[in-house]
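Reader: Please take a close look at the nonpolar core of this model, and then at a few of the residues outside it.

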Amino acid sequence: MDSGRVSIELVFAGRSNVGKSTVFSNLFKVRVRKGKKPGTTISPNFFRFKDFLATDLSGFGYIRGFERDFNERIKDFIVRYIEENAERIFAGVIVVDSRSFREIVERWDRRGYIPVDIEMADFMRDVGIDVVVCANKFDKVEKKQETLEFISRAMKVEKRSVVPAIAKKGELSELKRVLRELLSKKKRDDLLTLFK
Ligand SMILES: Nc1nc2c(ncn2[C@@H]2O[C@H](COP(=O)(O)OP(=O)(O)O)[C@@H](O)[C@H]2O)c(=O)[nH]1
Ligand SMILES: [Mg+2]
């Protein structure tokens, strides 16, 4: 592990089982713990390149089979981690399951709760982090445009920052494009090679 200072960081967050680890390992060609069982990832995975760090944060939201307390602790951990590192985090990728997103949002809405994905996007924006939504498992979606528009509206993220992806097949070109743009904006063209 490089012992130099990290000055730029990219974080990945999302509910369990949306494919965060699959996205992460595809982008960075690293082996990360993955599993069919939700909640396999309970501690972050890291990828380091020069002063760049990418962090796959554990799944937030309800994980079946765990105590409510455990879920709250995960959320607290993620919020604290992001708060503490907000200055160096240039973007937060929130990975969602494109197929079940709408249903989950509407169910939470009916119960009068703010869906945790939306809460996380609001929180990242509040601390000055650019939010990118990775609409993963797009292979399972039929109404493609409608789905992207719904996600964009619900997450309050402009359409161009809502990117369809099929991580399982390595289809992440739109995500890479947005990340390259954000790195350029930060004058870090030296890191573009990460998202070729
Ligand atoms: N259909 C489909 N399944 C995917 C895709 N990406 C990941 N998965 C599957 O979703 C499950 C959860 O993936 P994982 O990366 O462990 O999710 P995490 O809990 O968010 O880290 C695994 O069975 C993956 O193979 C995708 O683009 N399409
Ligand atoms: Mg995972």
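Author: What follows begins with the core and then turns to single residues.

This is a predicted model, in which local features need pLDDT of at least 70 and side-chain atom pairs count only at pLDDT 80 or more, while totals for chains, interfaces and linings use all residues. Residues are numbered from 1 along each chain as its sequence is written, and chains are lettered from A and ligands numbered from 1 in the order in which they are written.

The largest nonpolar core (buried Ala, Val, Leu, Ile, Met, Phe, Trp, Tyr and Cys residues joined through C-beta atoms within 7 Å) has 46 residues, and those with the most contacts inside it include Val 23, Cys 134 and Ala 165. Strand S4, residues 89–97, gives the most to this core, with seven residues; strands (E, at least two residues) and helices (H or I, at least four) are DSSP runs numbered from the N terminus. Not counting residues up to four places away in sequence, Ala 165 touches, among others, Val 23, Cys 134, Phe 138 and Leu 172, contact being C-beta atoms, placed from the backbone, within 7 Å.

Asn 17, in the loop between strand S1 (8–13) and helix H1 (20–28), has a positive phi near 75 degrees, although this residue is not a glycine. Asn 17 counts as buried because 21 C-beta neighbours lie inside 10 Å, where buried requires 20 or more other C-beta atoms within 10 Å, exposed 12 or fewer, and partly exposed a number in between, with C-beta atoms placed from the backbone.

Leu 194, in the segment after helix H6 (173–185), is partly exposed, with 19 other C-beta atoms within 10 Å.

Definitions and conventions: Two residues are in contact if their C-beta atoms, placed from the backbone, lie within 7 Å.
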